[in-house]
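Dear colleague,

Please find below the structure that I am handing over to you, followed by an account of what was found in it. I should be grateful if you would read the two side by side.

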Amino acid sequence: MLRQRIITAAWLAPLVLAGLFGLSGGAFAGFTAAIVLLGGWEWTNLAGIAGRARRLGVVGLLALAMALLWSSGGTQAAWPLWLGLAGWGLNLYWVTHYPDRTRQWASSARRLTMGLWVLLPAWVGLNVLRETGGIWLLFVMLLVWSADIGAYFAGRAFGRQKLAPRVSPGKSWEGVLGGMAATLVLALIFAFAQSLTPVDAVLLVLTTLAVTLVSVLGDLLESMLKRHRGIKDSSALLPGHGGVLDRIDSLTAALPLFALLAPGVI
């Protein structure tokens with residue numbers, strides 16, 4: 001399994017980085033749309049949609065929604081990000097009340113609707129951040145990776161208090177604090193490197209800590225949906241790594257909030 005993970009990462013990472021930071025405009029939107037649509041394909045499974053034709057039909061509707069957003073200028077607007085943020089408020093409620101409120105979201109139609117406010121605002125966030133020249137996009141990706149790494153090591157070393165045992169038993173509050181410590185250091189380094197004003201530096205630190213917490217929610221939401229479906233991975237599209245959603249779950253939550261709060265973005 002480790003060998004397979006390394007092989008997949010060896011070809012996937014350069015491809016993704018080249019697409020994210022080597023493309024712009026319509027080419028960037030198309031590249032990231034392809035990633036989101038793969039995530040949409042996996043979401044149909046999380047939503048309990050059976051049959052290849054029905055799943056393809058749902059992905060086609062998602063592609064149509066993305067095309068309408070692009071043609072109307074919605075990929076550079078704030079309103080999809082705010083809608084996504086409201087949706088994540090509902091996600092937080094359901095994750096923290098799992099499994100008691102499962103009936104509120106368990107139908108396939110409601111899980112598909114949930115997917116719209118998870119995937120579309122994340123795609124918009126990608127496009128908004130790319131228009132800054134890519135520096136903020138790089139930062140939010142480093143933020144999510146740093147949070148994951150910090151949480152992993154802090155959780156292994158100090159993890160005692162469970163974060164959401166009914167959703168993801170392995171996560172701890174100590175891990176969350178470790179992730180926040182790692183991203184705090186990242187924010188301070190970035191503020192210095194970009195010569196931010198003191199006000200913008202403080203804003204970046206506060207934004208970073210808030211987005212770090214929200215990124216944990218993205219991970220927990222997918223864990224909840226997979227637990228409900230009784231599956232380990234969202235798919236097997238990425239050998240050794242699971243599915244696309246397994247790689248971007250934290251980013252889907254982090255991107256809309258960061259795009260709204262980062263200094264000078266919106």
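In helix α7, the residues G175, V176, G178, G179, M180, T183, L186, A187, F190 and A191 are buried, where buried means under 20% relative accessible area, exposed means over 50%, and partly exposed lies in between (1.4 Å probe, protein chains only). The cover over these buried residues of α7 includes α6, β1 (162–164), β2 (168–172) and α8 (198–229). Helices (H or I, at least four residues) and strands (E, at least two) are DSSP runs, numbered from the N terminus. Helix α7 itself spans residues 173–193, which is 21 residues, and reaches 30 Å from its first C-alpha to its last, close to the 30 Å expected at 1.5 Å a residue; the expected span is 1.5 Å times one less than the number of residues.

Please note that this is a predicted model, in which local features need pLDDT of at least 70 and side-chain atom pairs count only at pLDDT 80 or more, while totals for chains, interfaces and linings use all residues. Residues are numbered from 1 along each chain as its sequence is written, and side-chain values use heavy atoms, with hydrogens and water left out.

Two points of backbone geometry deserve a look. S195, which follows α7, lies in the loop between α7 and α8. Its phi is positive, about 55 degrees, although S195 is not a glycine. S195 counts as exposed because its relative accessibility is 61%. The other point is the peptide bond between Y98 and P99, which is cis, with omega about 0 degrees. P99 is found in the loop between α4 (79–96) and α5 (108–130).

Turning to the interior, the largest nonpolar core has 69 residues, and W43, M114, L137, F139, L221, M224 and F258 touch the most other members. Such a core is a set of buried Ala, Val, Leu, Ile, Met, Phe, Trp, Tyr and Cys residues joined through side-chain atoms within 4.5 Å. Leaving aside neighbours within four places in sequence, F139 is in contact (heavy atoms within 4.5 Å) with L186, A187, F190, L204, T208 and F258. Of these partners, L186, A187 and F190 are among the buried residues of α7.

T252 is found in helix α9 (residues 244–261) and is buried, since its relative accessible area is 5%. Apart from neighbours within four places in sequence, T252 is in contact with W88, V118 and A122. L38, in helix α2 (residues 25–46), is partly exposed at 41% relative accessibility. With the same neighbours within four places in sequence set aside, L38 is in contact with L237 and V244.

On the surface, L17, I135, L138, L142, W145, I149, Y152 and F153 make a nonpolar patch of about 740 Å². Patches are made of residues with over 30% relative accessible area and no salt bridge, like charges being joined within 9 Å and nonpolar side chains (Val, Leu, Ile, Met, Phe, Trp, Tyr) within 5 Å. Accessible areas come from the Shrake-Rupley method with a 1.4 Å probe, and for residues only the protein chains shown count as cover. Helix α6 (residues 135–158) supplies the largest share of the patch, seven residues. L17 lies in helix α1 (residues 2–22) and is partly exposed, with a relative accessible area of 39%.

Finally, how many salt bridges are there? The count comes to five, a salt bridge being a side-chain nitrogen of Lys or Arg within 4 Å of a carboxyl oxygen of Asp or Glu. One of them joins D219 and K171, with the closest N and O atoms 3.2 Å apart. This pair links distant parts of the chain, D219 in helix α8 and K171 in strand β2, 48 residues apart. D219 counts as buried at 18% relative accessibility, whereas K171 is partly exposed at 24%.

E222 and K226 also form a salt bridge, with closest N and O atoms 4.0 Å apart; both lie in helix α8, four residues apart, about one turn of the helix. E222 is buried, with a relative accessible area of 5%, and K226 is buried at 12%. K232 pairs with D233, the closest N and O atoms being 3.9 Å apart. Salt bridges that share partners join E222, K226 and D246 into one network.

With kind regards
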